[in-house]
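Student: I would like a close look at one part of this model. Please keep it brisk and give the cut-offs as you go.

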Amino acid sequence: MSNNDKSRSDRNEVFGAAPTSAAAAMPKRNVMQEDFGYEIPVESVPLPSLGVTYSSESSLSHQETIDIKAMTAKEEDILTSRSLIKKGTVITHLLRSCLVDKSIDPDEMLSGDRNALMTAVRITGYGKSYNVEVDCPACGERSKQSFDLAALPI
C-alpha cells in the first residue's frame with residue numbers, strides 16, 4: 001500500500017468511525033439562552049380548524065392554537081435550500097423547524113391550518129407588511145400594494 005493510499009485509509013477510518021462515548025454523551029443545550037441570555041420569541045397561532053376535525057389520536061385534536069418560534073438564520077437556510085425546494089418539501093421542513101411542539105407533524109395538518117402557520121411564520125421573519133406590485137386585470141396598469149398580514153381574518 002502506498003503512502004497516499006495509507007493516508008486515505010486513515011482518514012476514512014477517522015471520518016467513518018462511530019462517535020466515541022464522550023461525543024455521544026455530549027449534552028444538548030440551548031446555547032443562545034444559556035450562554036447569551038437570548039430567548040427566541042414564541043408566538044401562539046390560532047388554528048382555523050380549532051382542532052375539531054382531527055382524530056382523537058392526533059396531537060392536533062381539539063388544539064385551538066399552536067406555538068411557533070420566530071424564524072432564525074436556520075430557517076432562512078431551509079427556505080433557500082435548493083434540494084428541499086426541488087423535492088417540494090421546503091414548507092414542511094420550515095414548519096417543522098418553527099414548531100415548538102416537535103410531536104406535531106405538519107404533513108398531517110389541514111391546508112387551512114398550514115396556511116395560518118405559514119402566515120405567522122412569515123410575519124415573525126419578515127414583518128406584517130407584504131408589499132407587492134400587481135397588474136390591474138381591467139386596464140393592465142401596474143400598481144404597488146401593501147397588505148397587512150396580521151389583519152387577515154382567521
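Student: How far is the sulfur of C139 from the closest cysteine sulfur, and which residue holds that closest sulfur?

Tutor: The closest cysteine sulfur is in C136, and it lies 3.5 Å from the sulfur of C139. That is too far for a bond, because a disulfide is counted when a pair of cysteine sulfur atoms lies within 2.5 Å. By this rule the count is zero disulfides. In general, a disulfide is a covalent bond between the sulfur atoms of two cysteines.

Some ground rules first. This is a predicted model, where local features need pLDDT of at least 70 and side-chain atom pairs count only at pLDDT 80 or more, while totals for chains, interfaces and linings use all residues. Residues are numbered from 1 along each chain as its sequence is written, and side-chain values use heavy atoms, with hydrogens and water left out.

Now accessibility. C139 is exposed, at 55% relative accessible area. C98 is buried, at 0%. The cut-offs are under 20% for buried and over 50% for exposed, with partly exposed in between (1.4 Å probe, protein chains only).

C98 leads us to a helix pair. C98 is among the α6 residues that contact α7. Helix α6 spans residues 90-98 and helix α7 spans residues 111-126. Both come from DSSP runs numbered from the N terminus (helices: H or I, at least four residues; strands: E, at least two). The two helices pack at about 70°, with their axes 11 Å apart. So α6 is roughly perpendicular to α7; that class covers 65 to 115 degrees. Axes are lines fitted to C-alpha atoms, for helices over the stretch in contact, and angles run from 0 to 180 degrees between N-to-C directions. The crossing is left-handed, meaning that the near helix is turned anticlockwise from the far one by less than a right angle.

Who makes the contact? From α6 come I91, T92, L94, L95 and C98; from α7 come R114, L117, M118 and V121. Contact here means heavy atoms within 4.5 Å. By class, the set has seven nonpolar, one polar and one charged residues. Nonpolar means Ala, Val, Leu, Ile, Met, Phe, Trp, Tyr, Cys and Pro; charged means Asp, Glu, Lys and Arg; the others, Gly among them, are polar.

Take T92, in helix α6. T92 is buried, at 8% relative accessible area. Leaving out residues up to four places away in sequence, T92 touches P106, D107 and R114.

Key
Parallel < 35°, antiparallel > 145°, perpendicular 65-115°, else oblique.
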